Amino acid sequence: MGEHILVAVAWPYANGPRHIGHVAGFGVPSDIFARYHRLKGNYVLMVSGTDEHGTPITLAADKEGVTPQAIADRYSQIIGDDLYHLGLSYDTFTRTTTLNHYRVTQDIFKTLYEKGYILRQETLGAFSASTGRTLPDRYIEGTCPICGYHEARGDQCDNCGHQLDPIDLINPRSKIDGQPPVFKETEQFFLDLPVFADRLQKWITRQTHWRPNVRSFSLNFIKELKPRPITRDLDWGVPIPLPEYAGRDDKKIYVWFDAVIGYLSASIEWAKNRGTPDAWRDWWQNRRARHYYFMGKDNIVFHSVIWPSQLMGYFSDGFYAGSAAGAFAEVPLQLPHNIVSSEFLTMEGKKFSSSRGVVIYVNDVLSRYDPDALRYFLAIAGPENQDTDFTWSEFVRRNNDELVATWGNLVNRTLTNVYKNFGSVPAPETLTEGDHALIATVEGGFATCGEAIEQARFKSAISEAMRLASLVNTYLSEQEPWKVIKQDRARAATIWYVALHCVDQLKLLFTPFLPFSSQRLHEYLGYDGFIAGPLEFREYTEEHGTSHRVLTGDYESWIGRWEPSSLPVGQPLRQPAPLFKKLDEQVVEDELARLMGT
RNA sequence: GUCGGGGUAGCUCAGCGGUAGAGCAAACGGCUCAUAAUCGUUAGGUCGCGGGUUCAAAUCCCGCCCCCGACACCA
């Protein structure tokens, strides 16, 4: 009786390695959510990929004298590796430069165009004198016509704060090569957002389960909708699928229009790769499916307004949705059920900034620390409701004083005692009232933590699991089974059985957050099989001959369930080892020195 | 500038109309099975500033200060 849950995760932009702020905002939260729903027995489809079009990638390519594709290839590889090492369990993590993605994007563009939702309009654009490419407003600087500030940007003056138009700048010049930009008339395509305004307004008004800031912000945004340009004068992007643009390389679909389509195209790719090409419809053309989108606060409206408009316009038409048969026929593509946006992570009190060296890359952290240590920090101290600060001393403290001391130590003291004294799960005698009470409280975590995760309150969920772990520590301190065993071996066996049973429950409660250590614990407890198994990369070749790598996993074979488990009495334990590593205080200094050095 | 979010104990954060909360840090005590881990007790805040509404405000309203984001061609 599982539900169909689409977990749609923001697409990291492939112009560099990603820092921990990115995975804090949407990576770890979305993975917690997906893993939880799989344990619940729901049908989860978790998709994302690298976003590989747009101006910044072309600039990086120019700078290095390579092709945009080469830049995208390099960083797609690095970003995919990061997500793999962090254990983010995508069903499909692909890329926007696949043939499949181009086809889906073009079908949506073409369908919206034919249905009259895309307008054509002449606009005045700024172009680089040297390359002829579009110069985005923010890449133009000049003197502010209002305050005279010499380094005002084309979109805004940082000195007086006024919004500007690049044509108004005095002595405008390109930030890239210093040349004055060339202004000329150029045709662009616009998504006619105002025609969706009424439907958007009614739809969003009904979404009372959205976080209040997302909902009110979106409602406010749609009060002043204007047609939005969805093409750019660039040679890097998805080609415009109209006859008059066939073979032309000067105008492409805008990166934001195609990036959100990735949620759909990746789902279609997943189904195809799996050999069940229509399976994506179970999520996208199933009125009971629920779609959850995870992203940073900077791109709420792309998910709450613009992407829904694209979906409303496409509806049940076009090549993909329109080819549905049977129960899926005429069913429109489903709109988001919830938009889970995060705030931002800062670093030692400052905004992350790659160019200024204020940055901690994911691969850098994972080369020295366990993924669960980072996942723990991001889950319990991440920017869920407000900006939060990452500091190395806080990272070390959370790891040592909370993860290691409370949960790691509970597991370690329990396993080493039982392994040494009994070797297998000891048979309990009659449980006392207190024993039953503790078990009931810990098992209550499936309801309380589960409810918090469903509401995307991840900090609250993992805090509750930690609280339950410390209750078991208290229980052991009070019961003192290491003393009891000297007089009453049967009672000591019972106490250790109770503790071990609780550890077995906590293992499951922690699985969405700390999959690597929960899997190890699962094995120490003598179980076989995966509750959180390995992820894998698979290579897929498309019709035109190029291949790309997809991050995925065999999640259907995992065996954990989000419900109390019964540890079999007599099950032999395996030789235990500490679940987590305690970090030396020295790492704080070392890491800070490393930051200064970069 | 306009709109939205945030400013709560030394630190990181929760609470968001009804006698100020958690974790860590601090002080004291217990335990010694466990990665010198753990358990208990105590201490610690005029909840950014100034007004207002209310029997009652961290919580609602108004103004101000500071931080963050959006404001359409950066993603």
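Select P239 and K252 in this predicted model. K252, in β12, is the bridge partner of P239. Now extend the selection to the strands around them. β11 and strand β12, residues 252-253, are joined by two bridges and run antiparallel. Add β10 to see an open sheet of three strands in the order β10-β12-β11, paired in the antiparallel sense. The edges are β10 (231-232) and β11 (238-239), and each of these pairs on one side only.

**The whole chain**

Zoom out to chain A. Its secondary structure amounts to 20 helices and 19 strands. Along the principal axes, the C-alpha atoms fill a box of roughly 90 × 60 × 45 Å. The radius of gyration is 27 Å, which agrees with the value near 25 Å for a compact globule of 598 residues. Colour the chain by burial, and 46% of the 598 residues come out as buried. Among contacts between residues at least 6 apart in sequence, 75% join residues at least 24 apart.

**The two domains**

Colour 4-118 + 190-342 as domain 1 and 391-530 + 568-588 as domain 2. Their centres, taken over C-alpha atoms, are separated by 40 Å. Where they touch, eight residues of domain 1 are in contact with nine residues of domain 2. On the domain 1 side, select helix α1 (residues 20-39), which supplies the largest share, six residues. By class, the residues on that side of domain 1 are six nonpolar, one polar and one charged.

**Around the RNA**

Show RNA strand B and the residues that surround it, 63 of them. The closest are G54, P136, K226, T388 and A405. Several elements give two or more residues to this surface, including α2 (55-64), α6 (212-221), β9 (228-229) and α7 (255-273). Further along the chain, β17 (388-390), α16 (458-479) and α17 (481-487) are also among them. Which element gives the most to the surface near RNA strand B? Select α13 to see the answer: this helix gives the most, with 13 residues. Taken by class, the surface near RNA strand B has 20 nonpolar, 22 polar and 21 charged residues.

**From T388 into a sheet**

Stay on T388, one of the residues closest to RNA strand B. L345 stands opposite T388 in β17. Select strand β15 (residues 345-347) together with β17: three bridges join the two, and they run parallel. Adding β16 gives an open sheet of three strands with the order β16-β15-β17 and mixed pairing. β16 (350-351) and β17 stand at the edges with a single partner strand each, so one side of each has no neighbour in the sheet.

**Covered elements**

Next, select helix α12, residues 371-381. How many of the eleven residues of α12 are buried? Eleven of the eleven are buried, and the helix is described as mostly covered. Charged side chains sit in that list beside nonpolar ones: D372 and R375 are buried, as are L374, F377, L378 and I380, among others.

Then go to strand β3, residues 92-95. Side chains in a regular strand alternate between the two faces of the sheet. In β3 both faces are covered: T92 and T94 are buried on one side, and F93 and R95 are buried on the other. Bring in strand β2 (residues 43-50), which pairs with β3 in the parallel sense over four bridges. Within this pairing, F93 in β3 is the bridge partner of S48.

**Two glutamates**

Select E122, which is found in strand β4 (residues 118-127). Is E122 buried or exposed? It has 9 other C-beta atoms within 10 Å, so E122 is exposed; the limit for exposed is 12 or fewer. Leaving aside residues up to four places away in sequence, E122 touches E185 and E187. The C-alpha atoms of E122 and E185 are separated by 6.2 Å, although the two residues are 63 residues apart along the chain.

Finish at E523, in helix α19 (residues 515-524). With 15 C-beta neighbours inside 10 Å, E523 counts as partly exposed. Draw a distance from E523 to R248, which is 275 residues apart from E523 along the chain: their C-alpha atoms are separated by 58 Å.

Notes
Residues are numbered from 1 along each chain as its sequence is written. Chains are lettered from A and ligands numbered from 1 in the order in which they are written. This is a predicted model: local features need pLDDT of at least 70, side-chain atom pairs count only at pLDDT 80 or more; totals for chains, interfaces and linings use all residues. Two strands pair if DSSP finds at least two bridges between them. A residue is near a molecule or strand if its C-beta atom, placed from the backbone, lies within 6 Å of it. Ala, Val, Leu, Ile, Met, Phe, Trp, Tyr, Cys and Pro count as nonpolar, Asp, Glu, Lys and Arg as charged, and the others, Gly among them, as polar. A residue is buried if 20 or more other C-beta atoms lie within 10 Å of its own, exposed if 12 or fewer, and partly exposed in between; C-beta atoms are placed from the backbone. The radius of gyration is taken over C-alpha atoms; the globule rule is 2.2 Å times the number of residues to the power 0.38. Two residues are in contact if their C-beta atoms, placed from the backbone, lie within 7 Å. Domain bounds come from an automatic or database domain assignment.
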